[in-house]
Amino acid sequence: MSFKASPPGRTREAPWVEELRSARKDKLIGGEIFLYPQIDSTNQKSREYGNRGAREGVVVLADSQSAGKGRLGREWESPGGVNLYFSVLLRPPLPPAAAAQVPLLAGVAVATAVSRATGLEARIKWPNDVLIGGKKAAGILAEMEAEGAGIRFIVVGIGVNVNWRQKEMPPPLRKTATSLREEGKKEFSRSLVAGEIFEELEKEYILFLQEGFSERLREKWNGLSWVNQKRVTAVALDQKWEGRALGLDRDGALLLEDEQGKIHRFIAGDISLRL
Ligand code: ADP
């Protein structure tokens with residue numbers, strides 16, 4: 001992203017951000033975008049906005065992150081100029097228990113939007129990764145602040161590897177990570193990809209507020225799942241379970257059938273899935 005001073009003393013935004021702003025004006029998600037050329041973490045900044053009363057739908061967008069977050073204290077690699085890193089502030093009028101379903105709807109939205117923007121087949125790896133060709137192209141990290149019996153806000157952080165080249169990735173990631181460019185063999189517009197994600201997220205979120213974790217959403221998630229019917233290991237801090245992933249149940253928990261035919265239920269929390 002390049003910043004040219006014009007008029008003097010002010011910075012002009014990169015054209016892709018201007019495009020994104022104009023595509024989203026008057027919309028709920030992305031109707032207001034706070035842009036940071038560099039930031040520690042968009043989720044962190046978005047929580048600050050949330051605590052200061054910012055309205056639902058506000059987006060914090062960064063060109064690069066110095067401390068991008070993954071789940072369970074992991075890091076999200078966030079180089080500048082090539083990818084998308086943003087966090088969306090939501091204020092669903094729901095009890096905290098419903099927050100566990102938000103990353104699931106976000107996964108559906110991101111996979112659907114990425115497929116639409118690129119023509120590539122994007123799938124969901126429970127709970128929060130979006131894979132293309134079995135490799136991670138996007139990640140989602142939702143964080144909630146509760147207030148009494150309600151949700152104060154949820155920050156949905158999304159990172160998408162857009163034009164990142166494999167040779168620029170840190171070597172340990174090259175086997176597990178990919179980008180839209182690597183898979184599609186061409187560059188993609190960050191504004192187009194972000195715009196599709198905002199649109200799809202807005203659609204799914206509004207339906208979620210109306211219908212809750214519906215049969216429609218569950219089927220859509222199961223249809224996009226990378227893990228269903230595969231043998232997987234669910235790993236917690238001090239325990240693991242092996243079995244065949246059956247998909248989500250009515251509450252959005254992942255079902256795993258072990259060798260003995262016993263069914264285990266997992267909500268995302270502290271569990272990771274290995275294939
Ligand atoms: P998990 O998939 O194990 O639940 P997270 O969703 O928390 O992990 O993502 C963090 C992990 O993803 C990191 O430990 C690293 O292996 C990998 N990772 C970090 N940055 C990226 C990136 N930009 N693209 C793809 N994978 C990444």
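## A buried asparagine and its partners

The side chains of Asn 43 and Ser 87 are joined by a polar contact of 2.6 Å. A second polar contact, of 2.9 Å, runs from the side chain of Asn 43 to the side chain of Glu 143. Here a polar contact is a pair of N or O atoms within 3.5 Å; within protein, one atom must be able to donate a hydrogen and the other to accept it, and residues adjacent in sequence count only if both atoms are side-chain atoms. Asn 43 sits in helix H2 (residues 42-51) and, at 4% relative accessibility, counts as buried. Buried means under 20% relative accessible area, exposed means over 50%, and partly exposed lies in between (1.4 Å probe, protein chains only). Helices (H or I, at least four residues) and strands (E, at least two) are DSSP runs, numbered from the N terminus.

Before we go on, a word about the model: it is predicted, so local features need pLDDT of at least 70 and side-chain atom pairs count only at pLDDT 80 or more, while totals for chains, interfaces and linings use all residues. Residues are numbered from 1 along each chain as its sequence is written, and side-chain values use heavy atoms, with hydrogens and water left out.

## Around the ligand

Which residues come nearest to the ligand? Of the 14 residues around the ligand, they are Arg 71, Glu 77, Asp 129, Lys 136 and Asn 161. A residue is near when one of its heavy atoms lies within 4 Å of the molecule.

Backbone and side-chain atoms both appear among the polar neighbours. A polar backbone atom of Arg 71 is 2.4 Å from an oxygen atom of the ligand, and a nitrogen atom of the ligand lies 2.8 Å from a backbone N or O atom of Glu 77. In Lys 136, an N or O atom of the side chain is 2.9 Å from an oxygen atom of the ligand. On its own the ligand has 570 Å² of accessible area, and the protein covers 83% of that (Shrake-Rupley method, 1.4 Å probe; for residues, only the protein chains shown count as cover). The space taken by the ligand is the largest pocket. A pocket is found on a 1 Å grid over the protein atoms alone, as an open set of points where a 1.4 Å probe fits, with protein on both sides within 12 Å along at least five of seven lines.

## Salt bridges

Side chains of opposite charge can pair when their charged atoms come close. How many salt bridges does the structure hold? There are 28 salt bridges, each a side-chain nitrogen of Lys or Arg within 4 Å of a carboxyl oxygen of Asp or Glu. Lys 136, which we met beside the ligand, forms one with Asp 129 (3.4 Å, N to O). Lys 136 is partly exposed at 28% relative accessibility, whereas Asp 129 is buried, at 8%.

Glu 215 takes part in two of these pairings. The side chain of Glu 215 meets that of Arg 218 at 3.0 Å, N to O. Both residues belong to helix H6 (residues 215-224), and they are about one helical turn from each other because they are 3 residues apart. Glu 215 is partly exposed at 35% relative accessibility, while Arg 218 is buried at 17%. Glu 215 also bridges to Arg 250, with the closest N and O atoms 4.0 Å apart. This pair links distant parts of the chain, 35 residues apart: Glu 215 is in helix H6, and Arg 250 is in the loop between strand S11 (240-248) and strand S12 (254-257). Arg 250 is exposed, with a relative accessible area of 62%. Elsewhere, a network of salt bridges links Arg 116, Glu 196, Glu 200, Lys 203, Glu 204, Glu 211, Arg 216 and Lys 220.

## Backbone features in the loops

Have a look at Pro 127, in the loop between strand S6 (122-125) and strand S7 (129-132). The peptide bond leading to Pro 127 from Trp 126 is cis, with omega near -5 degrees.

Positive phi values turn up in residues other than glycine, including Lys 185, where phi is near 60 degrees. Lys 185 lies in the loop between helix H4 (180-184) and helix H5 (190-211) and is exposed, at 69% relative accessibility. For Gln 229, phi is near 75 degrees; Gln 229 is in the loop between H6 and strand S10 (231-235).

Definitions and conventions
On a 1 Å grid over the protein atoms alone, a cavity is a set of points where a 1.4 Å probe fits but cannot get out, and a pocket is an open set with protein on both sides within 12 Å along at least five of seven lines; lining residues have an atom within 4 Å of a point. A molecule sits in a cavity or pocket if more than half of its atoms lie within 2 Å of its grid points.
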